[in-house]
Amino acid sequence: SVSLTANGNSIDGANASGLSATDFTDIEISDNRIADAVANGIFAFNTQQNGGRATISDNSVSDIDGDGIFVQGYDSLSVVGNSVAGTTASGLLLFLSPLDPNGGLATVTDNRIDDTGSRGIILNGYTGVSVSSNTVTNASGTVGGIEIIGVNLTFDPTNTQGAATVSNNSVGTTGRDGIMVQDFQSLTGTGNSVANVARTGINLTRIGSVDLANSTVSNAAVAGFGLLNVGNAMLTGLQASGGAGDGLRLERSDSLAAQMNVTVSGGSFGGGAAGIRVFDNDGVNGGTLLQLAIADGTGVLVTNAGTGLLIDGPDTALAGNTLNDMAFSTIGGGTGDYIRLENGGLFQPGGPTQIDATRVSFDGVIAGNLNPANSGDLNTLAGLETRLVHYLDDPTLGFIRLLDGAIVLPTENGLNG
C-alpha cells in the first residue's frame with residue numbers, strides 16, 4: 001500500500017494537471033486551491049483499476065482546460081465539499097472499471113459545480129453510490145447535470161446490480177438531462193430539484209426498483225420525470241411543470257424487460273405535451289405489461305398540460321382498472337383531451353377493458369355525482385365525453401366509464417344516453 005496526503009496547497013497556472021497522483025492506493029486530497037491548469041484540476045488514477053481508497057474533499061478548482069476533478073480506479077471513493085467552476089470538460093469525472101470484481105462504493109456529497117463544458121458530475125462503474133446535496137448549474141453542450149451509471153455489461157434490463165441513493169441535489173440549466181441514473185437494482189431518492197434542462201429533468205433507466213419522492217422539475221423540454229424499462233416504481237409527491245414535453249413519461253421499450261409497475265401517489269404533473277404518458281414501445285403485441293396505478297386518496301393532479309393522461313400501446317394497464325380520485329385541471333387551455341388512448345391502449349382481447357373514472361375530477365366535475373336524467377347534468381356528461389378518446393371513438397381501445405352502467409354519446413342533434 002502506497003499512501004499520499006496533499007492538503008492546503010495553492011496552485012496557479014500549471015502547464016499540466018494542477019495536482020496529479022498516479023498509483024497511490026490510499027489518497028487524501030483536501031483543502032487545496034487550484035486555478036488555471038491546462039489539463040485537469042485534480043487528477044488521481046489507480047492503474048490497478050480496483051482496490052484502494054480515495055478521499056477528495058473541500059478543494060476549490062477553477063478555470064481548468066479539462067476536467068475539474070478526475071478520479072479513476074478506486075473501490076472506495078469519497079468526494080465531498082468541493083467547489084468546481086469554469087471547466088472545458090466535466091466538473092467531476094469519477095470512474096471505476098465495470099470489470100472490478102469488488103463493485104466499489106462511492107459517496108459524492110455537498111459539491112458545488114458551475115459552468116462546465118461537459119457534465120457537471122459523472123459517476124460511472126460503482127455498484128453502491130450515494131449522491132446527495134450537490135448543486136450543479138450551467139452544464140453546457142449536449143450533456144447532463146448529474147449522470148450516475150452502474151454496472152451492466154450486457155445492457156439487459158434484468159441484469160442490473162447494486163443500489164443508488166440520490167437525494168437533495170439541485171440542478172439548473174443543462175444541455176441534456178438534469179439527473180440521469182441507469183443500471184442499478186434499486187434507487188432511492190428524495191428532495192431533488194431540477195430546472196431548465198434541454199431533455200428530461202430526472203431520467204431513470206434499467207432500474208429494478210425505484211422509490212422516488214418529493215422532487216420537483218420545471219421547464220424540461222422532453223419530460224419532467226422519465227422512467228424507461230424499470231421494474232417496480234413508487235413515485236410520491238413529485239411535481240413537474242412548465243416544460244414543453246410530458247410531466248411524467250413511463251416507457252417500456254425493451255421486450256426483455258420485466259413487467260413495469262408504476263404507482264403514482266400524490267403529486268402534480270403538467271407539460272406542453274401530456275401530463276402523464278404511458279407508452280408501450282417494445283414492438284410486441286401481447287407481451288409484458290406496463291401498468292400504472294393511481295394511489296387512491298393521495299390527490300394525484302394533472303394540470304396545465306396539452307393532454308391529461310395519454311396511454312399508448314397494446315400492453316398497457318391500469319391497476320384495478322380504475323383511476324380512483326385522480327384530478328384534471330386546465331387541460332389544453334380548457335379544450336384538450338382529459339384522457340386519450342392510442343394504438344390499442346387498454347384494450348383487452350375480446351372486448352375493451354372498462355376503466356372506472358366515476359370518481360375522477362374533471363375541472364371540478366365528478367361524473368359519478370351527475371344524474372343523466374337531469375338535462376343539465378346530461379349536457380355536462382356529454383361535454384366530458386367529447387374530451388375522452390377511447391372505445392366510443394375507436395373499438396380497438398379501452399373504455400373509460402364515467403357512470404356506473406351508463407354510456408353517454410354526443411350526437412349531431414344533441415345527446416344519446
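**Exercise 1. State what volume lies in the largest pocket of this predicted model, and describe its lining.**

About 320 Å³ of space lies in the largest pocket, a pocket being an open set of points on a 1 Å grid over the protein atoms alone, where a 1.4 Å probe fits, with protein on both sides within 12 Å along at least five of seven lines. Its lining, meaning residues with an atom within 4 Å of a point, has 16 residues, of which D177, R199, T200, N203 and L228 are the closest to the centre. By class, the lining divides into four nonpolar, six polar and six charged residues.

The model is predicted, so local features need pLDDT of at least 70 and side-chain atom pairs pLDDT 80 or more, whereas totals for chains, interfaces and linings use all residues. Residues are numbered from 1 along each chain, and side-chain values use heavy atoms, without hydrogens and water.

**Exercise 2. Locate the salt bridge between D246 and R277, and classify the burial of both residues.**

A salt bridge requires a side-chain nitrogen of Lys or Arg within 4 Å of a carboxyl oxygen of Asp or Glu; in this pair the closest N and O atoms are 2.7 Å apart. D246 lies in strand β28 and R277 in strand β30, 31 residues apart. With buried meaning under 20% relative accessible area, exposed over 50% and partly exposed in between (1.4 Å probe, protein chains only), D246 is buried at 4%, and R277 is also buried, at 19%. Both residues belong to a network of salt bridges that includes R249 and E251.

Notes
Grid points are joined across faces, edges and corners, and a volume is the space filled by probe spheres set on the points. Ala, Val, Leu, Ile, Met, Phe, Trp, Tyr, Cys and Pro count as nonpolar, Asp, Glu, Lys and Arg as charged, and the others, Gly among them, as polar. Helices (H or I, at least four residues) and strands (E, at least two) are DSSP runs, numbered from the N terminus.
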